[in-house]
Amino acid sequence: MIAKVAIFCAALAAVHASIIGGHLVNTGVSTSSRSQDAFGNYAFGYNIKDGLGATNSRSEVGDGYGNKKGSYTLADIDGRARRVDYVADGHGFRATVKTNEPGTAASAPAAALIASPYAGPVAPSSTTWPQLQLALLSLHL
């Protein structure tokens, strides 16, 4: 019986110690949304910010024909950030990546234009000069 009382008192003391001297842990916040109609049109998105300040998000809209347009973002507390905007439709999948992550270089593999401060942007070979100018201008927005 004395052991049970001792355990109860120890548990009670631990609870009081955490209430008085303990700190609440901020686990962050998040939001989300989604919708869909009877024709196959849909939209969804979410935003997350963790307790340290890192964020990530994603959003996408699509239709009943399989066309999709969306983006996702990542931002770490050390300043690294990435944003990917993409389109998937009858012309294929195309993405634009904007990042300041170390070890990346501007490039254009397949149909993805990657913008990085580590080198000047490189456009896909099939891109026309006006398209390249528009892409470069959008990087500075």
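These legends walk through several close-up views of a predicted model.

**Figure 1. The whole chain at a glance.** Welcome to the protein, which holds 2 helices and 7 strands. Followed from the N terminus, its elements run α-β-β-β-β-β-β-β-α. The chain has 141 residues, and 18% of them count as buried. About 10100 Å² of the protein is exposed, with carbon and sulfur atoms supplying 64% of that area. Among contacts between residues at least 6 apart in sequence, 7% join residues at least 24 apart.

**Figure 2. A look at the largest nonpolar core.** Five names are worth finding here: Val84, Tyr86, Ala95, Val97 and Ile114 make up the largest nonpolar core, which has 5 residues. Strands β5 and β6 are the elements that give two or more residues to this core. Tyr86 counts as buried because its relative accessibility is 9%, below the 20% limit.

**Figure 3. Val97 and the residues it touches.** This view stays with Val97, one of the residues of the largest nonpolar core. Leaving aside residues up to four places away in sequence, Val97 touches Arg82, Arg83, Val84, Leu113, Ile114 and Ala115. Val84 and Ile114, included in that list, are also members of the core.

**Figure 4. Two aromatic pairs.** A search of the whole structure finds 2 aromatic pairs. In one, the ring centres of Tyr42 and Phe44 lie 6.3 Å apart and the planes meet at 10°, so this pair is stacked. Tyr42 is buried at 19% relative accessibility, whereas Phe44 is partly exposed at 25%. In the other, Tyr86 and Phe93 have ring centres 5.9 Å apart and planes at 25°, so they too are stacked. Here buried Tyr86, at 9% relative accessibility, partners Phe93, which is exposed with a relative accessible area of 52%.

**Figure 5. Salt bridges around Asp76, Asp78 and Arg80.** Side chains of opposite charge can pair when their charged atoms come close. In this structure the count comes to 6 salt bridges. One of them joins the side chains of Asp76 and Arg80, at 2.7 Å from N to O. Asp76 is partly exposed, with a relative accessible area of 34%, and Arg80 is partly exposed as well, at 36%. Asp78 joins the picture too, for Asp76, Asp78 and Arg80 are linked in a network of salt bridges.

**Figure 6. Arg82 meets Glu101.** Which residue forms a salt bridge with Arg82? The partner is Glu101, and the closest N and O atoms are 2.8 Å apart. The pair links distant parts of the chain: Arg82 sits in strand β5 (residues 81-89), while Glu101 lies in the loop between β6 (92-99) and β7 (112-115), and the two are 19 residues apart. Is Glu101 buried or exposed? Glu101 counts as buried, with 18% relative accessibility, while Arg82 is partly exposed at 24%. Arg82 also appears in Figure 3, among the residues that Val97 touches.

**Figure 7. Arg94 and Asp89.** The last view shows a salt bridge between Arg94 and Asp89, whose closest N and O atoms are 2.9 Å apart. Arg94 is partly exposed, with a relative accessible area of 31%. Asp89 is partly exposed as well, with a relative accessible area of 25%.

Note on methods
Residues numbered from 1 in each chain as written. Predicted model: local features only at pLDDT ≥ 70, side-chain atom pairs only at ≥ 80, totals over all residues. Heavy atoms only, no water. Salt bridge = Lys/Arg side-chain N within 4 Å of Asp/Glu carboxyl O. Buried < 20%, exposed > 50% of the residue type's maximum accessible area, 1.4 Å probe, protein only. Helix = DSSP H or I, 4+ residues; strand = E, 2+ residues; numbered from the N terminus. Phe/Tyr/Trp six-rings, centres within 6.5 Å; stacked < 30°, edge-to-face > 60°. Core = buried A, V, L, I, M, F, W, Y, C linked by side-chain atoms within 4.5 Å. Contact = heavy atoms within 4.5 Å. Areas by Shrake-Rupley, 256 points an atom, 1.4 Å probe, with all protein chains shown as cover.
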